Amino acid sequence: MTQVAHTPRVFSGIKPSGGLTLGNYLGAIKRWVDMQGPDFETVYCVVDLHAITVWQDPAELANATREVAAGMLASGIDPKGSVLFNQAQVPAHTQLAWIFNCVARVGWMNRMTQFKDKAGKNAEKVSLGLYAYPALMASDILLYHGTHVPVGEDQKQHVELTRDIATKFNHDYGVDFFPTPEPIIDGPATRVMNLRDGTKKMSKSGESDMERINMTDDADKIAKKFKKARTDPEPLPETLDGLKDRPEARNLVDIFAALSDQTPEAVIGEYAGAGWGKFKPALADLAVAKLAPISAEMARLMNDPAEIDRLLANGAERAEEIAQPILRKTYDIVGLVSSR
Ligand code: AQP
């Protein structure tokens, strides 16, 4: 049995576990926008079922789901060219996830560093869903026979697990059905770090609002957060090598590079020898120039939630058209009788 033949297909998603951050934008959405076009079919998902692996207030979850969709649209995801939807509206994700729960091994899950980080000392008390989440993520990707998965560095291990699940499924059932997708992790901002601690990544759900730039922050907030961002007393070096062991400084240079579509080397070339008093305001101005039009468009879209819901429903229908034949074939392969 051969793999379903199709144009290379991109799949990626974002959890509506809070508002979007600059990390989500630079590490994911901005790159998703760039991948739209003739080379790929692009499928982008608000992965709401992943969000509930930790407690979410229902009203806030519904709002965040629409806001993440609005952020994607405002950043340039084209709902006609790309398939844009929320995961809960396509039940095939959870149907395939169950099969993958039965393919993945407990030992594989135990190696997932994100689970260890999130569960911490509380591993006995977190939800079973948080533990099984990588199998649902494998289902998200493989349900569309996704071949390319643009993600931030933090998701690399989960895409590798997806490859292991695809390989084991194909091997166990003696088929060549699921592709082994490639993680696409490129550009200067694959791991945007926390503004108060350059060794931790910037997260939606981090403790302090000062540690992240939210896509909805206004110009004053952005300027204040960059001004207060932790750095060291040294000016910017002459070469990128000089940023080794200076994680906070490196992070700000990488953010500048990603926002201005330059390499970090080019940024250092321009700002060699500059102090933070010069670099931080320039970075804040750049961030405001890039983010202000997006947040204005997000606000406009959020004024008409019915329109967002209509777009998500339309995307879900298109997603289902791709997903259903793949799920049906998977049932056949596994021997699950599906006679209606
Ligand atoms: N700091 C980051 N730098 C680069 N990329 C990032 N991504 C997230 N944070 C950064 C990328 O954004 C995509 C969506 O991620 P997600 O929201 O589904 O999950 P996450 O990585 O767990 O994001 P958060 O913000 O850290 O959420 P919480 O705090 O709720 O766990 C992915 O491609 C991710 O790599």
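The following exercises, each with a worked solution, examine a ligand site, several single residues and the salt bridges of a predicted model.

Residues are numbered from 1 along each chain as its sequence is written, and side-chain values use heavy atoms, with hydrogens and water left out. Because the model is predicted, local features need pLDDT of at least 70 and side-chain atom pairs count only at pLDDT 80 or more, while totals for chains, interfaces and linings use all residues.

**Exercise 1. Describe the surroundings of the ligand.**

Step 1. Begin with the shell, where a residue is near the ligand if one of its heavy atoms lies within 4 Å of it. The ligand is surrounded by 23 residues, and the closest are S17, K118, D154, K204 and S205.

Step 2. Turn to individual atom pairs. An N or O atom in the side chain of K118 is 2.2 Å from an oxygen atom of the ligand. Backbone atoms also take part: a nitrogen atom of the ligand lies 2.9 Å from a backbone N or O atom of M202, and a nitrogen atom of the ligand is 3.3 Å from a polar backbone atom of G23.

Step 3. Consider the ligand surface, using accessible areas from the Shrake-Rupley method with a 1.4 Å probe, where for residues only the protein chains shown count as cover. Taken alone, the ligand exposes 650 Å², of which the protein buries 97%.

Step 4. Assign the shell to elements; helices (H or I, at least four residues) and strands (E, at least two) are DSSP runs, numbered from the N terminus. Strand 1 (9-14), helix 1 (22-35) and helix 6 (113-119) are the elements that give two or more residues to the shell. Helix 1 gives the most, with 4 residues.

**Exercise 2. Determine the setting of L20 and of N314.**

Step 1. Locate L20: the loop between strand 1 and helix 1 holds this residue.

Step 2. Classify L20 by relative accessible area: buried means under 20%, exposed over 50%, and partly exposed in between (1.4 Å probe, protein chains only). L20 counts as buried because its relative accessibility is 3%.

Step 3. List the contacts of L20, contact meaning heavy atoms within 4.5 Å. Leaving aside neighbours within four places in sequence, L20 is in contact with I14, I29, E67, V68, G71, I213, N214 and M215.

Step 4. Treat N314 likewise. N314 is placed in helix 13 (residues 305-334), and its relative accessibility of 37% makes it partly exposed.

Step 5. Relate sequence to space, C-alpha to C-alpha. N314 and L84 are 230 residues apart in sequence and 8.3 Å apart in space. L20 and V267 are 247 residues apart in sequence and 25 Å apart in space.

**Exercise 3. Identify what accompanies the charged side chain of D140.**

Step 1. Locate D140 in helix 7 (residues 128-142).

Step 2. Search for a salt bridge, that is, a side-chain nitrogen of Lys or Arg within 4 Å of a carboxyl oxygen of Asp or Glu. Lys and Arg count as positive and Asp and Glu as negative, whereas His and the chain ends are not counted. D140 is buried and has no salt bridge; K15, the nearest side chain of opposite charge, is 11 Å away.

Step 3. Search for a polar contact, a pair of N or O atoms within 3.5 Å; within protein, one must be able to donate a hydrogen and the other to accept it, and residues adjacent in sequence count only if both atoms are side-chain atoms. The side chains of D140 and H93 are joined by such a contact, of 2.8 Å.

Step 4. Add the wider contacts. Neighbours within four places in sequence aside, D140 is in contact with F11, V47, H50, Q87 and H93.

**Exercise 4. Compare the settings of the salt bridges.**

Step 1. Recall the principle: side chains of opposite charge can pair when their charged atoms come close. The count of salt bridges here is 17.

Step 2. Examine E182 and R163, whose side chains meet in a salt bridge (3.5 Å, N to O). This pair links distant parts of the chain, with E182 in strand 5 (residues 182-184) and R163 in helix 8 (residues 156-173), 19 residues apart. E182 is partly exposed at 39% relative accessible area, and R163 is partly exposed at 26%.

Step 3. Examine D172 and K168, whose closest N and O atoms are 3.0 Å apart in their salt bridge. Both residues lie in helix 8, 4 residues apart, about one turn of the helix.

Step 4. Examine D254 and R250, which form a salt bridge of 3.1 Å, N to O, within helix 10 (residues 247-259). D254 counts as buried at 12% relative accessibility, whereas R250 counts as partly exposed at 29%.

Step 5. Finish with the network of salt bridges that links D209, R212, D217 and K225.

Conventions:
Contact means heavy atoms within 4.5 Å.
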